[in-house]
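Please find below my note on the aromatic contacts of this entry, set out as numbered points. I would be glad if you read it with the coordinates open.

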Amino acid sequence: MSRLLAELSGPAAAEALTEDSILVLPTGAIEHHGPHLPLATDAIVAEASATAAVARAAAQGLDVWQLPTLSITKSDEHSWAPGTLWLTPETMMQTIVDIGRSILTTRARTLVFLNGHGGNVALLNVANRELRRRFGLRTFFMPAARVPSFDGTDGTPDEHGTGIHAGYGETSMIMHLRPELVDPAKFHATVPAHIGDFRHIGFNGKPVTFGWLSNDFGPTGVLGDPTGSNAEAGAQLFEDSVSFVVEALEEISRFDYTV
């Protein structure tokens, strides 16, 4: 049986979904990713990660199902760039609320946001509680890919903690998943190392964040260094990401609020 819920008929979905079913909603983006990556980069990663992880988790006995990818999301940090399609925070939140309300037509009560786009993180964490409060759903958020900012070891470029968009890791992953969509001749590094030198202000878990647009750092909209990106590195990053998602889904299947 397909684990893509949209491929089932309505009656088949009603029969297949139970109170124990876990629905996985991949969230990506259609946005500028420099001159070398496709607009759909985040949607490609989110959907591929979901498909691989759901299939693997189902084979291990989990009652898990994949929803259609939500590709046009909150991408206003790239709103300056042609090709970016983006929703306002209000529209995005209402879309998520409507999806949550729709889930109530089934017996499923667990929804997992599997997110491939950094611009969605804050909003989806708010949505976690919104859907919990409004509809009683068990809601979870996790990244579709675990891609670090690389530090110059083992032949990788040093991204000084700022490799968050179209850099080495993300580019390598697309070279693994969709190599025909990558243009290595247009690799261009934008690494604001002066930000990486700050102790508190920055990306990747630093405690002080700041408002930014992707062209604040340069005209390409890249934050990182794709130099040397390769499919082999991307395959390992993808496998690590899928393994993480499968492990997390197993924990979600056992999660209970009560003591």
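The points that follow take up the ring pairs and then the charged groups placed over rings.

1. The model is a predicted one, and all that is said here should be read with that in mind. A search through the whole structure returns seven aromatic pairs, among them the one between Phe150 and Tyr168, which is edge-to-face with 4.8 Å centre to centre and 70° between the planes. This pair links distant parts of the chain, the two residues being 18 residues apart: Phe150 belongs to the loop between strand 4 (138-143) and helix 5 (168-177), whereas Tyr168 lies in helix 5 itself. Both Phe150 and Tyr168 are buried.

2. A further edge-to-face pair is made by Phe203 and Trp212, with 5.6 Å centre to centre and 85° between the planes. How are these two residues classed, as buried, partly exposed or exposed? Phe203 counts as buried because its relative accessibility is 10%, under the 20% limit for that class, while Trp212 counts as partly exposed because its relative accessibility is 23%.

3. Phe203 and Trp212 also belong to a cluster, in which ring pairs link them with Phe210 and Phe217.

4. Two arginines deserve a separate remark, since each places its charged end over an aromatic ring. For Arg3 the ring is that of Trp65, with the charged end 4.2 Å from the ring centre; for Arg146 the ring is that of Phe244, and the corresponding distance is 4.4 Å.

Notes. Residues numbered from 1 in each chain as written. Predicted model: local features only at pLDDT ≥ 70, side-chain atom pairs only at ≥ 80, totals over all residues. Heavy atoms only, no water. Phe/Tyr/Trp six-rings, centres within 6.5 Å; stacked < 30°, edge-to-face > 60°. Helix = DSSP H or I, 4+ residues; strand = E, 2+ residues; numbered from the N terminus. Buried < 20%, exposed > 50% of the residue type's maximum accessible area, 1.4 Å probe, protein only. Lys NZ or Arg CZ within 6 Å of the ring centre and 35° of its normal.
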